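Here are a few short exercises on cysteines, each with a worked solution. Have a look at the model, then work through them at your own pace.

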Amino acid sequence: HGVAITCRACAGDHNRTCSGRGACWDDVVARTNLELTATARQIAIGSGSCTCSESAFGGVDSLGRTTCASGECPPGSEEVPDLDSGSNRCKTCAAGTYRDRDMQSCRACPVGRAVAEQGAQACPECPAGKYAKEV
């Protein structure tokens, strides 16, 4: 009917599908959607929009597709690659480490401060009569 059809890249940034933070609803995924009938799956097409790996990730491009390019992991966690899914995820900071909103990744508590819990946003000073020792 005179309409040219081209394959378009999924949403994302810097040549990374879903900005490396999610999975694209592409034609392959659309055709494996078990919520559709077998006939509907044969003609299904994707939207190019992303399902982000974390609720903290989002963003929309000029075509209205979710990109996962915006947002950051909450304090007390850091963005790390998930080798199973291939998408970055938020990982809780380990005990003895912390991450506040101004930091890119979890860091060890400084001298004289300690935190025993995971997911810390700060390391409180040791109270009088106690000291921080590496374990």
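A disulfide here is a pair of cysteine sulfur atoms within 2.5 Å. The model is predicted, so local features need pLDDT of at least 70 and side-chain atom pairs count only at pLDDT 80 or more, while totals for chains, interfaces and linings use all residues. Residues are numbered from 1 along each chain as its sequence is written, and side-chain values use heavy atoms, leaving out hydrogens and water.

**Exercise 1.** Work out the handedness of the disulfide between cysteine 52 and cysteine 68, and place both partners.

*Solution.* Start with the sulfurs: they are 2.1 Å apart. Next, the torsion about the S-S bond is about -100°, so the link is left-handed. Cysteine 52 sits in strand S4 (residues 50–52) and cysteine 68 in strand S6 (residues 66–70), 16 residues apart. Strands are DSSP runs of E, at least two residues, numbered from the N terminus. Finally, cysteine 68 is buried at 0% relative accessible area, and cysteine 52 is partly exposed at 21%. Buried means under 20%, exposed over 50%, and partly exposed in between (1.4 Å probe, protein chains only).

**Exercise 2.** Explain why the sulfur of cysteine 7 is not bonded to that of cysteine 10, then treat cysteine 126 likewise.

*Solution.* For cysteine 7, the closest cysteine sulfur, in cysteine 10, is 10 Å away, too far for a bond. Cysteine 7 is exposed, at 83% relative accessibility. For cysteine 126, the closest is in cysteine 109, at 8.9 Å, again too far. Cysteine 109 has a partner, cysteine 123, with sulfurs 1.9 Å apart.

How values were computed
Helices (H or I, at least four residues) and strands (E, at least two) are DSSP runs, numbered from the N terminus.
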